[in-house]
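Here is a short report on one protein model. Please keep the sequence and the structure in view while reading.

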Amino acid sequence: MALRTSRAYAPAEVVIDRSRCNNCGICTKVCNMTLSMRAGELIVDQSRLWGCIGCGQCVAACPEDAIRVEGRDFHTADSFPIPSREERADFQSLLKLFQARRSIRRFRPREVPPEVIGQIIDAASTAPMGVPPSDVSVLVFRTREKVEQFAADLLDSMRRMRWMFTMPGLLLMRPLIGKEGYESFEEFVGPLVDTYLEEHERGVDMLFYDAPLALYFYGSAYADPADPIIAATYGMLAAESLGLGSCMIGLPGPCMKNDPRLRTKYKVPKNCQPGLAIVFGYPDVKFRHAVRRRFAEVREC
Ligand SMILES: Cc1cc2nc3c(=O)[nH]c(=O)nc-3n(C[C@H](O)[C@H](O)[C@H](O)COP(=O)(O)O)c2cc1C
């Protein structure tokens with residue numbers, strides 16, 4: 001039985017080049033499904049669990065280039081030289097990048113070049129996912145006009161769903177959303193949507209902050225709900241390293257998930273999971289201090 005995603009129905013094919021393989025067993029340290037050692041020999045067994053999911057770890061680990069994996073969007077040619085220690089960001093440079101990042105809500109009126117958009121998407125695509133191949137899709141709004149249109153469509157959608165945040169709507173939804181959901185809709189989402197709509201009438205883009213680029217990351221019904229969020233976060237950090245500012249925008253997810261008109265326009269499948277939008281652009285604000293943050297709790301168990 002293969003582990004399904006929206007793009008994969010069967011296990012990937014694993015072929016061992018026996019003329020190269022010296023049965024060192026290194027690949028079995030990274031694969032606990034398909035590969036194992038039996039009597040000192042490497043065995044491929046596609047009947048264990050779901051068979052090969054095409055993660056590529058065996059190809060990445062093999063010192064003899066003796067493993068070929070094809071299928072589930074993995075191709076042996078996708079393996080390339082691993083960046084050296086010297087080339088990789090170390091802890092301090094990563095931490096400094098994280099500490100310097102702030103959500104940006106004011107952008108210069110300058111478009112993000114296509115090659116930079118490509119770099120952000122490339123970096124985001126390296127994110128881990130629940131089950132390969134990735135079931136994350138990305139909608140790219142690469143000019144101010146396109147971002148504006150996306151905002152207008154989302155605000156139309158919010159207008160259509162506004163009844164949900166009225167008292168009768170909230171009471172109707174209460175069994176589904178619980179106490180915290182009820183409070184959040186009543187006190188946060190409802191007033192926020194009203195403000196977005198009012199400001200939009202006045203020509204103010206409170207949703208996307210006049211950003212020149214927006215990416216919307218969403219997952220298929222098969223994806224782990226975390227998949228698009230992790231990919232979006234990678235994209236955000238990549239953008240930071242490229243001198244861009246960004247801000248995550250939560251509301252497009254539920255609108256896209258619940259509004260058939262919006263899904264039809266943007267060709268997003270009915271059973272998609274709510275995703276996350278990020279707006280990007282060159283910052284028109286300079287932060288002078290970093291801000292210390294703490295988790296709600298870090299507890300030894
Ligand atoms: C899931 C998620 C959704 C968010 N949605 C919005 C949003 O719709 N609008 C907005 O201005 N900021 C949004 N933010 C950004 C947060 O408000 C921001 O991260 C927070 O204010 C902390 O600021 P910092 O990013 O500068 O540390 C979102 C952040 C996350 C993680």
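## Contacts between α5 and α6

Two residues are in contact if their C-beta atoms, placed from the backbone, lie within 7 Å. The model is a predicted one. By that contact rule, Leu155, Met158 and Arg159 in α5 meet Val193, Tyr196, Leu197 and His200 in α6. By class, this contact of α5 with α6 has 5 nonpolar, 1 polar and 1 charged residues.

Two packed helices are described by the angle between their axes and the distance between the axes. Helix α5 covers residues 144-161, and helix α6 covers residues 167-201. Their axes come within 10 Å and cross at roughly 130°. α5 and α6 are therefore oblique to each other. The crossing of α5 past α6 is left-handed.

## Contacts between α4 and α7

A second helix pair is formed by α4, residues 114-124, and α7, residues 226-241. Here the axes come within 8 Å, and the crossing angle is roughly 135°. α4 and α7 are therefore oblique to each other. α4 passes α7 in a right-handed crossing.

On the α4 side, the contact residues are Gln119, Ile120, Ile121, Ala123 and Ala124. They meet Ala231, Ala232, Tyr234, Gly235, Ala238 and Ala239 in α7. By class, this contact has 9 nonpolar and 2 polar residues, and no charged ones.

## Leu244, between α7 and β7

Leu244 sits in the loop between α7 and β7. Is Leu244 buried or exposed? Leu244 counts as buried, because it has 23 C-beta neighbours inside 10 Å. The cut-off for a buried residue is 20 or more.

Which residues does Leu244 touch, not counting those up to four places away in sequence? They are Val112, Ala239, Phe280, Gly281 and Tyr282. Ala239 is also one of the α7 residues that meet α4. Tyr282 is 38 residues from Leu244 along the chain, yet their C-alpha atoms are separated by 4.9 Å.

## The ligand shell

Strand β7 spans residues 245-249. It gives the largest share of the shell around the ligand, with 3 residues. The residues around the ligand include Cys247, Met248 and Ile249. Gly250, Leu251 and Leu276 are also among them. So are Arg102, Ser103 and Arg105. By class, the shell has 5 nonpolar, 2 polar and 2 charged residues.

## Backbone details in the loops

Pro132 and Pro133 are joined by a cis peptide bond, with omega about -5°. Pro133 lies in the loop between α4 and β5 (136-141).

Two residues other than glycine have positive phi. For Ala39, phi is near 50°. Ala39 is in the loop between β2 (35-38) and β3 (41-44). With 6 other C-beta atoms within 10 Å, Ala39 is exposed. For Asp65, phi is about 50°. Asp65 is in the loop between α2 (57-61) and β4 (67-70). Asp65 is exposed too, with 12 other C-beta atoms within 10 Å.

## The whole chain

How many helices and strands does the protein have? There are 9 helices and 8 strands. Of the 301 residues in the protein, 29% are buried. Along the principal axes, the C-alpha atoms fill a box of roughly 70 × 45 × 45 Å.

Among contacts with a separation of 6 or more, 73% come from residues 24 or more positions apart. The contact of Leu244 with Tyr282 spans 38 residues along the chain.

Methods. Residues numbered from 1 in each chain as written. Predicted model: local features only at pLDDT ≥ 70, side-chain atom pairs only at ≥ 80, totals over all residues. Axes fitted to C-alpha atoms, helices over the stretch in contact; angles between N-to-C directions. Helix = DSSP H or I, 4+ residues; strand = E, 2+ residues; numbered from the N terminus. Parallel < 35°, antiparallel > 145°, perpendicular 65-115°, else oblique. Left-handed = near helix turned anticlockwise from the far one by under 90°. Nonpolar A, V, L, I, M, F, W, Y, C, P; charged D, E, K, R; others polar. Near = placed C-beta within 6 Å.
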